[in-house]
Amino acid sequence: VRGAASGPQGDHAPAAKSRGRMVSVYAPKGGAGASTVDVNTAVAITLGGAHRVGLVDLDLQFGDIGVLLNLTSANSVADLLGQAAITDDIVNDTFTRHSTGLRVLLAPDDLSVVESIEPAQVTRALEQLRGHFDVVICDLWSMYEQLTRDVLRMSDQVVLVTTPDLPSLRDVRRVLLAARDQRLDDRVTVVVNRASGKAGFPLAEVQKVLERPAAFAIPSDGVAMTEAANRGLSIFDPRIRTKVAKAYRDLAGHLTGPAVRPAAAGQLSVTKANP
């Protein structure tokens with residue numbers, strides 16, 4: 001109280017920073033395309049022009065966000081840890097700027113550095129980053145370990161990514177059950193990646209397995225997505241011709257709007273399958 005009374009008052013008081021929205025993108029089955037989903041969703045939000053977006057690669061051992069966006073940096077997540085306070089200057093020094101304006105914090109290159117990182121250090125840093133961005137998107141690795149659970153709990157929204165095959169659906173269903181126990185269920189958006197392809201279950205069957213609606217479906221477009229990954233380009237780059245751009249714009253709009261599951265009617269939202 002004394003500190004507040006003696007500090008700057010009225011028009012001279014510093015303005016409090018807003019608390020940005022945190023979104024975690026997670027696929028319990030490796031290879032489901034979670035990194036592709038969060039990279040292109042982050043670019044879609046950035047290109048909308050209304051939000052400052054920070055993308056954080058929390059696959060600390062083998063993160064590939066830098067590869068997907070053709071970015072390199074001498075700095076990484078490890079450089080934020082241990083900072084008493086994360087300032088604008090520190091953010092500018094550690095985050096790499098993509099050509100779209102997206103700010104990206106890469107995973108460490110040195111695996112020996114990863115061994116010393118504690119989950120509590122990461123979550124403290126993420127909490128501070130909310131004050132520097134309107135949206136912080138976290139790319140999680142597939143292991144359901146302490147860091148993953150902690151980040152999921154602190155997130156305003158959780159995007160669970162699955163492909164329409166039984167192993168991936170089984171793992172997502174297990175995470176959904178755990179989410180109910182942790183009171184995360186109302187924050188979860190299920191995204192089916194590579195939907196409507198030649199292989200895999202149709203969306204109605206996916207919903208039966210998960211026992212809940214799939215909020216968004218990303219169409220299968222293997223050739224374009226592989227080309228984008230190999231060239232380090234987002235799917236919004238004019239050099240990539242793909243049919244999935246609208247799906248990512250819809251998902252981006254959902255994540256930056258009210259945190260409610262989208263309605264069934266229209267576009268890529270789907271209704272719950274009849275039993």
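A residue counts as buried when its relative accessible area is under 20%. With that in hand, welcome to this structure, which is a predicted model. Three places make a good starting tour: a residue in strand β7, the buried residues of helix α6, and the meeting of helices α2 and α11.

**T189 in strand β7**
- You will find T189 in β7, the strand that covers residues 188–195.
- T189 has a relative accessibility of 4%, so it counts as buried.
- Beyond its neighbours within four places in sequence, T189 touches V158, V159 and L160, along with A215, F216 and H254.

**The buried side of helix α6**
- Helix α6 spans residues 119–129, and its buried residues are P119, V122, T123, A125, L126 and L129.
- Because these residues cover an arc of only 160° around the axis, they sit on the same side of α6.
- Their packing partners include three strands, β1 (21–26), β2 (53–58) and β5 (135–140).
- The buried residues of α6 also pack against two helices, α4 (88–94) and α7 (146–154).

**Where helices α2 and α11 meet**
- The axes of α2 (residues 34–48) and α11 (residues 245–256) come within 9 Å of each other, crossing at roughly 75°.
- Angles of 65 to 115 degrees count as roughly perpendicular, so that is how α2 lies relative to α11.
- On the α2 side, the contact is made by T36, V37, N40, T41, A44 and I45.
- On the α11 side, Y248, R249, L251, A252, L255 and T256 take part.
- Sorted by class, this contact of α2 with α11 has seven nonpolar residues, four polar ones and one charged one.

Note on methods. Residues numbered from 1 in each chain as written. Predicted model: local features only at pLDDT ≥ 70, side-chain atom pairs only at ≥ 80, totals over all residues. Heavy atoms only, no water. Helix = DSSP H or I, 4+ residues; strand = E, 2+ residues; numbered from the N terminus. Buried < 20%, exposed > 50% of the residue type's maximum accessible area, 1.4 Å probe, protein only. Contact = heavy atoms within 4.5 Å. Arc of directions from axis to C-beta. Axes fitted to C-alpha atoms, helices over the stretch in contact; angles between N-to-C directions. Parallel < 35°, antiparallel > 145°, perpendicular 65-115°, else oblique. Nonpolar A, V, L, I, M, F, W, Y, C, P; charged D, E, K, R; others polar.
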